[in-house]
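Visitor: I would like to go through this structure with you. May I start with a question once it is on the screen?

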There are 2 protein chains.
Amino acid sequence: METEDVRLIERVVVELERAWNAGDSAAFAAPFADDVDFVNVLGDHFRGRALVAAGHRRIFYTIYKGSRLTYEIENIRFPRADVAVVFTRARLMSRVGAAVDDPRRAERRDGTMGEAQSRTTMVLTKESGEWRIEAFQNTKVAEAS
Amino acid sequence: METEDVRLIERVVVELERAWNAGDSAAFAAPFADDVDFVNVLGDHFRGRALVAAGHRRIFYTIYKGSRLTYEIENIRFPRADVAVVFTRARLMSRVGAAVDDPRRAERRDGTMGEAQSRTTMVLTKESGEWRIEAFQNTKVAEAS
């Protein structure tokens with residue numbers, strides 16, 4: 001039933017948020033499929049939950065240490081009853097601020113916090129009653145727009 | 001049959017490429033679903049094929065006039081037999097060069113051409129034997145990576 005599925009999917013998004021804000025890379029990676037395709041805000045394409053966990057372990061200890069993430073769901077579409085595409089707007093407060101897409105600028109930043117906004121598309125499928133993320137892509141919202 | 005579906009999906013990607021390189025916004029928008037969710041490289045989220053056509057009409061006459069686009073398919077996954085998620089690496093030669101994610105820098109550019117790379121995720125569904133794009137997102141590949 002779609003209403004129940006929307007609730008379950010919203011819970012997945014909240015799990016990502018909580019895991020990020022706890023700096024817990026294993027919990028962050030948990031809702032992803034074993035072989036997820038993950039495109040980050042730098043346009044890097046990773047394959048597999050293990051790489052998602054490793055990549056987030058690194059950033060949670062460095063540039064995103066102490067950062068705060070919120071996801072606002074802008075739309076959920078169900079191309080099929082057991083396939084969902086979720087569109088979010090993300091707001092991230094971090095020491096990198098708006099320079100999330102430019103590691104060179106980021107390295108020059110000091111300890112102050114600033115906000116970056118991005119949009120994500122996530123493709124989820126329902127397997128044995130559980131929604132897993134099979135594809136994820138993140139795009140920075142341009143500062144000028 | 002998946003092999004045949006891969007061929008049909010590859011053809012959709014080639015249609016996008018050809019339409020872009022012909023500066024034909026109607027042809028570019030044609031493979032998208034009526035109510036497509038489209039997140040561009042600036043992180044703007046548009047809804048509907050009409051907005052995809054209008055947005056591309058504008059850029060084909062301005063910053064992307066005379067530009068050349070190629071898509072390389074990096075992966076196609078089939079969460080269901082009639083649902084595909086296509087991952088591409090895009091290369092765009094244009095007057096904007098690598099500044100595709102920064103309209104303010106772009107406006108300062110002169111007539112020379114330069115390359116930008118990005119990655120796209122497209123979600124396609126098969127309806128009456130035809131693959132349509134229901135979701136599209138584009139992320140610039142960071143210059144430093």
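Visitor: Which residue of chain B comes closest to the rotation axis?
Guide: In this predicted model, B:Thr139 comes closest of the residues of chain B, with its C-alpha at 2.5 Å from the rotation axis.

Visitor: What turn and shift lay chain B on chain A?
Guide: A turn of 180 degrees with a shift of 0.0 Å along the axis lays chain B on chain A, and the RMSD is then 0.0 Å. That is the relation of a two-fold axis.

Visitor: And why do the copies meet through the same surface?
Guide: Of the interface residues of chain B, 100% are also interface residues in chain A, so the copies meet through the same surface.

Visitor: How many residues are in contact there?
Guide: There are 41 residues of chain B in contact with 41 residues of chain A.

Visitor: What area is buried between the two chains?
Guide: About 3,100 Å² is buried between chain B and chain A, and carbon and sulfur atoms give 49% of that area. B:Arg77, B:Arg80 and B:Gln137 supply 21% of what chain B buries against chain A, more than any other three residues.

Visitor: Turning to charges, how many salt bridges cross the interface?
Guide: The rule finds 10 salt bridges across the interface of chain B and chain A. Over all chains, the structure holds 22 salt bridges.

Visitor: Which residue forms a salt bridge with A:Arg80?
Guide: A:Arg80 forms a salt bridge with B:Glu127, and their closest N and O atoms are 3.4 Å apart. A:Arg80 lies in strand β3 (residues 68–80) of chain A and B:Glu127 in strand β5 of chain B, so this pair joins two chains.

Visitor: How many residue pairs are in polar contact across the interface?
Guide: The rule finds 30 such pairs between chain B and chain A, with both residues at pLDDT 80 or more.

Visitor: Which element gives the most to the side of chain B that touches chain A?
Guide: That is β5(B), with 7 residues. Elements that each supply at least two residues to this side of chain B include β1 (32–39), β3 (68–80) and α4 (103–107).

Visitor: What is the make-up of that side by class?
Guide: The side of chain B that touches chain A has 16 charged, 14 nonpolar and 11 polar residues.

Visitor: Lastly, what scores does the model have?
Guide: The ipTM is 0.93 and the pTM is 0.94. Chain A averages a pLDDT of 93, and 92% of the residues score at least 70. Where pLDDT is low, the predicted coordinates should not be read in detail.

Note on methods: Residues are numbered from 1 along each chain as its sequence is written. Chains are lettered from A and ligands numbered from 1 in the order in which they are written. This is a predicted model: local features need pLDDT of at least 70, side-chain atom pairs count only at pLDDT 80 or more; totals for chains, interfaces and linings use all residues. Side-chain values use heavy atoms; hydrogens and water are left out. Contact means heavy atoms within 4.5 Å. Buried area is the accessible area (1.4 Å probe) that two parts lose on being put together, summed over both. A salt bridge is a side-chain nitrogen of Lys or Arg within 4 Å of a carboxyl oxygen of Asp or Glu. A polar contact is a pair of N or O atoms within 3.5 Å; within protein, one must be able to donate a hydrogen and the other to accept it, and residues adjacent in sequence count only if both atoms are side-chain atoms. Helices (H or I, at least four residues) and strands (E, at least two) are DSSP runs, numbered from the N terminus. Ala, Val, Leu, Ile, Met, Phe, Trp, Tyr, Cys and Pro count as nonpolar, Asp, Glu, Lys and Arg as charged, and the others, Gly among them, as polar. Copies are superposed by least squares on the C-alpha atoms of residues with pLDDT of at least 70 in both. pLDDT is the predictor's confidence in each residue, from 0 to 100.
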